[in-house]
Amino acid sequence: MAMDGASFSGDRRFSGAVATPYWWEACPRPSLPSHPLPKSVDVVVIGSGYTGLSAAIETARGGRSTLVLEAEAAGIGCSTRNGGQVSTSIKPTFGDLKGRFNEDLAFRIRREGMNALAHVGEVVAREKIDCHFGVTGRFHAAHTPRHFKELADFAENQPKGLEVPIEIVPRAEVRRELASDRYFGGAIMKKHALLDPAKYHQGLLDTAIKAGAGVADGTPVTAIERDSRGFRVLTARGAVAARNVLVATNGYSGPLSPWHRRRVIPIGSYVLATEPLPEDLVRTQIPNDRAVSDTRRVVVYFRRSPDGRRIVFGGRAALGEKNPLKVLPRLHRMMVDIMPDLEGTSVTHCWVGFVAYTFDTLPHIGVNDGIHYAMGYCGSGVSLASYFGTRVGQQILGLKDGATALDGIAFETRPLYYGKPWFLAPSVAYYRTLDRLGR
């Protein structure tokens, strides 16, 4: 039944929803064995999501004793709360990046997004992770004629060396991709993929442990102190000395590390899963089993569930609301606005994860005051967290393979920002207005 004070006035579509991810039904959060913490290790990783586990796999395989510390259950953050869409991920266009940097660096940054997309498939294959991974493609729908023209122009004028396979879908043919009359066409990004995010996380967790990394859940870090040999990481269960520390907390960065907290903007991304539906109905909604998104600034994203029986639909239905059930009716309306066939559909799960945006809409990787970090994936964390987690692990090992195009790029903050994004409400209201006006 509905929880935490959410009231749906008897609406049967929402009355049975639970505030936990649908993905946890098939892959619950693991119960890890409890062991005494070691007195010292080579590497402490703070955060057990895709970033932290990818880094831990590298450092453990590289011969460094590695301990991953997690405040709650392993993977409880966005790594098991996302929609399972895997994309090329870098938000700024090549043209935008050329305006900020030189052309060579802009090219290399855009290539990192392509590398990240390929990286996930390579990891799944190499580690034999059973997570329903498939290169299904993504249908990116145009919500205005202008946006359709921009998609078509992009497909025809891709920068040399950054070309990706794209198929343009005119408005008259949208229904071969989506049961909706809402859009003015779109583009199929053929190399984008889907997976089950919780099963993918479990595969990374199993791989990290098999590689020799320790993972301690229910162990919040209370402080990081410098000492003559490196660091002392203080936890509720005792202190651990470490040569290297990686902060891999992304959208859940808090007072432990104020420097990082000032540089990432946590934004709630809300997701629902419908009740099990007739397979023909689900197939009709998204005929080719693609990931789907659209060109609005206030984004939506959706897909079929891996078993083909549900629609999993996500979007920015609110900002910082921690009880997703309170925004469920709005999220459902967003879904029905696109796919009206789902009007009477009930919801079994509704949840929220906090993604980390950055002020320059780029991910960041580097070292501050001796502490490594990788974060700020701007809503594309499946590929970017996996990829930059691997790279930061290699950087800790001192390997040339760890070099990225983002090394050395300033991680910006803004005056008066200390981790609570007071500016989000007016910004999102402005973007919603632009979306309604078709700008």
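For the classification of lining residues, Ala, Val, Leu, Ile, Met, Phe, Trp, Tyr, Cys and Pro count as nonpolar, Asp, Glu, Lys and Arg as charged, and the others, Gly among them, as polar. On this basis, the lining of the largest cavity in the predicted model comprises four nonpolar, three polar and three charged residues.

A search of the whole structure returned two cavities of 30 Å³ or more, of which the largest has a volume of about 60 Å³. Its lining is formed by S54, I57, E58, H119, V123, R126, E127, Y200, L204 and T390. At least two lining residues come from each of the helices α2 (50-61), α4 (103-127) and α6 (197-211), and α4, with four residues, makes the greatest contribution to the lining of this largest cavity.

The second largest cavity encloses about 40 Å³ of space, and the residues that line this second cavity are T88, L117, V164, P165, M189, K190, K191 and H192. By class, these lining residues divide into four nonpolar, two polar and two charged.

A further site examined was T413, which is placed in the loop between α10 (381-396) and α11 (424-437). T413 counts as buried because its relative accessibility is 19%, the cut-off for this class being under 20%. When residues up to four places away in sequence are not counted, T413 touches R262, R263 and F359. With R262, a polar atom of the T413 side chain lies 2.6 Å from the backbone oxygen.

How values were computed:
Residues are numbered from 1 along each chain as its sequence is written. This is a predicted model: local features need pLDDT of at least 70, side-chain atom pairs count only at pLDDT 80 or more; totals for chains, interfaces and linings use all residues. Side-chain values use heavy atoms; hydrogens and water are left out. On a 1 Å grid over the protein atoms alone, a cavity is a set of points where a 1.4 Å probe fits but cannot get out, and a pocket is an open set with protein on both sides within 12 Å along at least five of seven lines; lining residues have an atom within 4 Å of a point. Grid points are joined across faces, edges and corners, and a volume is the space filled by probe spheres set on the points. Buried means under 20% relative accessible area, exposed over 50%, partly exposed in between (1.4 Å probe, protein chains only). A polar contact is a pair of N or O atoms within 3.5 Å; within protein, one must be able to donate a hydrogen and the other to accept it, and residues adjacent in sequence count only if both atoms are side-chain atoms. Contact means heavy atoms within 4.5 Å.
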